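Got your viewer open? Load the model, get your selection box ready, and we'll go through it stop by stop.

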Amino acid sequence: MKILVAVKRVIDYNVQIRVKEDGSGVVTDNVKMSTNPPDDNAIEEAVKIKESGKASEIIAVTVGEEKAQETVRKALAVGADRGIHVKVDGTIEPLAVSKILKKIVEKENPDLVFMGKQAIDDDCNQTGQMLAAHLNWPQATFASKIEVNDKSLKVTREVDEGLETIEVNTPAIITCDLRLNEPRYASLPNIMKAKKKPIEQINASDLEVDTNPRIEHIKIEEPPKRKAGIKVASVEELVQKLKNEAKVI
Amino acid sequence: MSVLLIAEHNNKEVKPFTFNAITAASQIDQDLHVLLIGSKADDVAKSLSEVPLVKKVLHIDHEIYENYIAENYTAAILKHADKYSHIICSANTFGKNLMPRVAALLDISQVSDIIKVISPDTFLRPIYAGNAFATVKSNDEKKCVTIRPTSFEAAETTGGSAEIEKIDAADQSENTKFINREEIKSDRPELGTARIVISGGRGLQSGENFKLITDVADKLNAAIGASRAAVDAGYITNEHQVGQTGKVVVPDLYIAVGISGAIQHLAGMKESKVIVAINKDGEAPIFSVADYGLEADLFEALPQFLEELNKLNTIQK
């Protein structure tokens, strides 16, 4: 079984986001970048499946600018066998990413495609489902448990009501929830080894995919600030304020 | 052209977020049709037809829709999507799973999780877990939009009498099979829709100590939340997690107890109408978003809080 894992480079989840004054976006210069957190879970799960003997090869793929390669290199350091970097500059929407990934899937013929359920930058939560649609493959989104069988997977999904279990035939797309597993750290020897693993570079323009944005970002702004609150001196005062001032109890 | 809203339901009743999505959809265009895909869901069709904002209910009734499978729903939606300018549903796990599959097959770049309708093609949506707001304009001819339910009031549910039209089912996907759903049963209000939420963090120090939170929640008829730190420490199960990676909540009153206020947690609760923070560290970031901050040891403050609440006899259930 061959597994393709898609990863995205985003602003690190611990960084306080700052909006640019001209409203054109958020500040990314000199800001720490990392792999999108649930994409780490996707890589981890693929590596675990390979370690259990059920997968033979893991390919990590990313779509983005030159530096996006770092996320592929990190995936190689935790256990992916080789990488693919589809180079594209500027904003690229999930719809275009899913079309690019479809081309990669057609070239590599994986049995499974894993990725995080959502990227923490644009919060779109679209790419996996869109890729599944383009390929006419089944989708198992928000996976928190995966059981790999011969020609199918049993996937437990985190849904609003609780947990839902479905069975999907392979090939299939799985989008991963943070609860799926605990991603490992790359060891130093593995980081060194990863430097020798191959990353194939492909220009998005060579894939004949329309990557022009369909959505205009008119303005990016800071969310309205909450007005400064007060400190209360005692529990009695708190309860009185909630009852008489805020009128919420 | 009309707008088409996809209803979420369990074949017996409409799921509450559908009513919030109806409000948002009607702000895009008043000629609002609701698509109900289900099995033996006539009661649901009737409920939807009674919503005054709904102009027509399209009802697909077939046993293959007994359980919600995105692949099957997508095929059904695509069969009937032609006449509509917008396809809309709520941005909860139902809609997040479904809409991108529909959008991709229509070659539409979806607008996810909007919190405001500015015009039929322009919307406000949070990005970076609500740390920035983006005004976006969709240039696709047809639009696929998901709605953040807590940002719109629920529509009135009675007084309307829309026509119910039965329409055809689509083919069933053979590659996805529903197995089961374990619903978390609780007498408490659901975290996502509760009027009051009280959450505990690492400051609780143990799972047993969450009883202090539970006691206050019982008194206030509140839902129970938790920070990621409390969930990771095993004090409470993860369906209680509030934050960027858990649930986003917008209650009238949010009480954060022993929660320092990491960026990820704030992203899930800072739109709440009134925020209370109880923490013994006066420098904790949670105080920067709190309307009322109490710098105190929670092990003393929570029992006192309960005692004071017991003195009041006006608590609304």
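Start with the place where the two chains of this predicted model touch: 70 residues of chain B are in contact with 62 residues of chain A. Color chain B's side of that interface by residue class and you'll get 31 nonpolar, 23 polar and 16 charged residues.

**Stop 1: chain A as a whole**

Hide chain B for a moment and show chain A as a cartoon. You should be able to pick out six helices and 13 strands. Switch to the C-alpha trace, and its span along the principal axes is about 65 × 40 × 40 Å. Of the 249 residues in chain A, 48% count as buried. If you like contact maps, here's one to try: take the contacts in chain A with a separation of 6 or more, and 70% of them turn out to link residues 24 or more positions apart.

**Stop 2: helix H2 of chain A**

Now select residues 69–78 of chain A, which is helix H2. This helix is mostly covered, with seven of its 10 residues buried. Show side chains for Thr71(A), Val72(A), Lys74(A), Ala75(A), Leu76(A), Ala77(A) and Val78(A), since those are the buried ones. Note that Lys74(A) is on that list. Then step just past the end of H2(A) to Gly79(A) and check its backbone: phi is positive there, about 140°.

**Stop 3: helix H4 of chain A**

Next, select residues 127–135 of chain A, helix H4. How many of its nine residues are buried? Eight, so to speak of H4(A) as mostly covered is fair. The buried set is Thr127(A), Gly128(A), Gln129(A), Met130(A), Leu131(A), Ala132(A), Ala133(A) and His134(A).

What do these buried residues pack against? Within chain A, bring up helix H3 (94–108) and strands E6 (112–116), E7 (139–148) and E10 (172–176); from the other chain, add H4 of chain B. Before leaving, look just after H4(A), where Asn136(A) has a positive phi of about 55°.

**Stop 4: two helices across the interface**

Bring chain B back and add its helix H4, residues 93–105, to your selection. The axes of H4(A) and H4(B) come within 8 Å and cross at roughly 45°. Because of that angle, H4(A) is oblique to H4(B). The crossing is right-handed. For the contact itself, show Gln129(A), Met130(A), Ala132(A), Ala133(A) and His134(A) on one side, and Asn97(B), Pro100(B), Arg101(B), Ala103(B), Ala104(B) and Leu105(B) on the other. Colored by class, the residues of this contact come out as seven nonpolar, three polar and one charged.

**Stop 5: strands that join the chains**

Last, select strand E13 of chain A (residues 230–232) together with strand E16 of chain B (residues 292–295). The two run parallel, joined by three bridges. Which residue of E16(B) stands opposite Ile230(A)? That's Tyr292(B). Go on to Lys231(A) and you'll find Gly293(B) opposite.

Keep E16(B) selected and add strand E15 of chain B, residues 274–279. These strands also run parallel, and four bridges join them. To see how they line up, put Ile278(B) on screen with Leu294(B), which stands opposite in E16(B).

Methods
Residues are numbered from 1 along each chain as its sequence is written. Chains are lettered from A and ligands numbered from 1 in the order in which they are written. This is a predicted model: local features need pLDDT of at least 70, side-chain atom pairs count only at pLDDT 80 or more; totals for chains, interfaces and linings use all residues. Two residues are in contact if their C-beta atoms, placed from the backbone, lie within 7 Å. Ala, Val, Leu, Ile, Met, Phe, Trp, Tyr, Cys and Pro count as nonpolar, Asp, Glu, Lys and Arg as charged, and the others, Gly among them, as polar. Two strands pair if DSSP finds at least two bridges between them. A residue is buried if 20 or more other C-beta atoms lie within 10 Å of its own, exposed if 12 or fewer, and partly exposed in between; C-beta atoms are placed from the backbone. Axes are lines fitted to C-alpha atoms, for helices over the stretch in contact, and angles run from 0 to 180 degrees between N-to-C directions. Angles under 35 degrees count as roughly parallel, over 145 as roughly antiparallel, 65 to 115 as roughly perpendicular and the rest as oblique. A crossing is left-handed if the near helix is turned anticlockwise from the far one by less than a right angle, and right-handed if clockwise.
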